[in-house]
Amino acid sequence: MIFMTGDTHADISRLNRQSFFEQKELTKDDYVIILGDFGMVWDWRGDSKYEKYWLDWLEDKPFTTLFIDGNHENHDRLHEMEVEEWHGGKVHKVRPSVLHLMRGQVFEIEGLRVFTFGGARSHDISDGILEPDDPRIKKWSQDYSKLFRVRGVSWWERELPTPEELEEGIKNLDKVNWEVDWVLTHCASASTTALISAGGYSQDYFTQYLEEIKVGLKYKRWFFGHHHMNQQVNDKEICLYEQIIRVH
């Protein structure tokens with residue numbers, strides 16, 4: 001079985017037995033997929049007791065957790081991890097059964113061909129990206145009207161994909177003749193982003209890239225997070241946030 005949910009932002013308590021009671025029937029051969037902003041690989045030192053406790057808690061669950069990255073991840077730490085191959089694509093193993101599905105990969109999961117591409121542009125940075133020694137941080141941290149992030153602490157340049165990652169995504173789609181069952185992304189394509197935000201979010205090169213993929217790709221379902229809503233956009237595209245739904 002495969003279940004799916006949206007952004008967790010380092011709070012994975014929704015996967016407890018009371019909220020997600022279906023897990024009593026699951027094994028490590030079943031999957032829960034988090035559509036970006038997992039947030040559990042965050043602390044820049046890697047020695048957070050909170051992080052270790054909850055990752056171990058997740059590892060002890062009967063299912064396997066899969067996640068794509070969002071914009072709110074410590075991308076430096078993720079990309080320091082050893083790259084392994086799993087079900088036909090590249091992953092980072094955060095724990096033996098907590099896997100980061102890397103960008104631009106095609107996986108074979110329970111008989112489904114799944115294309116994954118994490119990442120997104122942060123929208124909560126209108127007051128800027130500050131350096132760690134910026135004196136404004138202390139004051140602004142108490143001002144909830146300020147929308148800012150701190151470089152290398154709460155914001156990483158690799159929230160958006162590199163040219164190499166974009167190219168790898170195209171090459172992997174070429175290998176499967178541009179036909180998959182599912183697409184898993186954090187942000188949506190340009191047209192879908194414009195639709196669900198009523199034009200409120202500006203576009204960037206990554207949403208345009210996803211739009212080009214959407215036009216050329218044959219797919220059955222496209223799941224994404226990022227927008228903090230639970231909404232079926234059309235007959236193929238579904239945005240998830242706090243809901244946990246069975247999809248296979």
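Student: Where is the place of Thr8 with respect to strand S1 and strand S2?

Tutor: In this predicted model, Thr8 sits in the loop that runs between strand S1 (2–5) and strand S2 (31–35).

Student: Does a loop position leave the residue open to solvent; is Thr8 buried or exposed?

Tutor: The relative accessibility decides, and a residue under 20% is called buried. Thr8 has 4% relative accessibility, so Thr8 counts as buried. Apart from neighbours within four places in sequence, Thr8 is in contact with Arg14, Ile34, Gly36, Asp37 and Phe38.

Student: How should I read salt bridges, and how many are there by this rule?

Tutor: Side chains of opposite charge can pair when their charged atoms come close. Here the count comes to 17 salt bridges. One of them joins Arg77 to Glu51, with the closest N and O atoms 3.0 Å apart. Arg77 belongs to helix H2 (residues 75–78) and Glu51 to helix H1 (residues 49–59), so this pair ties together parts that are 26 residues apart in sequence. Arg77 is buried at 14% relative accessibility, and Glu51 is buried at 7%.

Student: Which residue forms a salt bridge with Glu84, and how accessible is Glu84?

Tutor: The partner of Glu84 is Lys93, the closest N and O atoms being 3.8 Å apart. Glu84, at 29% relative accessibility, counts as partly exposed, as does Lys93 at 37%.

Student: Which residues are linked in a network of salt bridges?

Tutor: Such a network links Asp69, Arg103, Arg158 and Glu165.

Terms used:
Residues numbered from 1 in each chain as written. Predicted model: local features only at pLDDT ≥ 70, side-chain atom pairs only at ≥ 80, totals over all residues. Heavy atoms only, no water. Helix = DSSP H or I, 4+ residues; strand = E, 2+ residues; numbered from the N terminus. Buried < 20%, exposed > 50% of the residue type's maximum accessible area, 1.4 Å probe, protein only. Contact = heavy atoms within 4.5 Å. Salt bridge = Lys/Arg side-chain N within 4 Å of Asp/Glu carboxyl O.
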